[in-house]
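Student: Please take a close look at a single part of this model, the open sheet, and follow it strand by strand. I would like the cut-offs stated along the way.

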Amino acid sequence: QVQLVESGGASVQPGGSLRLSCVASGFAPGLSFSNYGMQWYRQAPGNKRELVAWISTDGEVANYVEVVRDRFTIFRDNAKDTVYLQMNSVTPDDAGVYYCRAVRVDETFWGQGTQVTVSS
């Protein structure tokens, strides 16, 4: 059972920056962090959880939803079993709980989330 632990959530002012981290552990024998595509989701109060960014197993390909493109960057360090989400120029609409997700073929795992608050 893969465990994912997010961190880095905080209160930030509009226009500010934040970096979220997600550390993975507990891989089955023969598997490693580099076998999993990684995703960041967020969920604002009263809203559905939405996909924000995703990155390929080797980190070579990354994609974003339009509302965060050019502001957020997803990247990973497979040597550290960690995926990151660099958030720049944040807006109040970026507030919510951010979750990372690991995906491989027919299995998926979620972290417990980290809270991002945007307030002046």
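Tutor: What follows goes through the sheet, then its disulfide, then a buried arginine outside that list of strands.

The model is predicted, so local features need pLDDT of at least 70 and side-chain atom pairs count only at pLDDT 80 or more, while totals for chains, interfaces and linings use all residues. Residues are numbered from 1 along each chain as its sequence is written, and side-chain values use heavy atoms, with hydrogens and water left out.

The open sheet has four strands in the order β1-β3-β8-β7, with antiparallel pairing. Strands here are DSSP runs of E with at least two residues, numbered from the N terminus, and two of them pair if DSSP finds at least two bridges between them. β1 (3-7) and β7 (72-77) each have a single partner strand, so one side of each lacks a neighbour in the sheet. From one strand to the next the twist averages 15°, taken between lines fitted to C-alpha atoms, with angles from 0 to 180 degrees between N-to-C directions.

Inside the sheet, β3 (residues 18-25) pairs with β8 (residues 82-87) over six bridges in the antiparallel sense; Arg19 has Gln86 of β8 as its bridge partner. β7 and β8 also pair in the antiparallel sense, over six bridges, and here Ile74 is matched with Leu85 in β8. Four residues lie between the strands of this β7 and β8 hairpin, where Asp81 takes a positive phi near 55°.

The side chains of β7 alternate: Phe72, Ile74 and Arg76 point to one face and are buried, whereas Thr73, Phe75 and Asp77 point to the other and are not. Buried means under 20% relative accessible area, with a 1.4 Å probe and protein chains only.

β3 also carries one end of a disulfide, a pair of cysteine sulfur atoms within 2.5 Å. Cys22 is joined to Cys100, S to S 1.9 Å. The torsion about their S-S bond is about 50°, so the disulfide is right-handed. Because Cys22 lies in β3 and Cys100 in β9 (residues 96-104), the pair ties together parts 78 residues apart in sequence. Both Cys22 and Cys100 are buried.

Phe72 of β7 leads to Arg42: the two are in contact, meaning heavy atoms within 4.5 Å. Arg42 lies in strand β4 (residues 37-43) and, at 6% relative accessibility, counts as buried. Its side chain makes polar contacts with the side chains of Glu50 at 2.7 Å and Tyr98 at 3.0 Å. A polar contact is a pair of N or O atoms within 3.5 Å, one able to donate a hydrogen and the other to accept it within protein; residues adjacent in sequence count only if both atoms are side-chain atoms.

Technical notes
Buried means under 20% relative accessible area, exposed over 50%, partly exposed in between (1.4 Å probe, protein chains only). Lists of a residue's contacts leave out its neighbours within four places in sequence.
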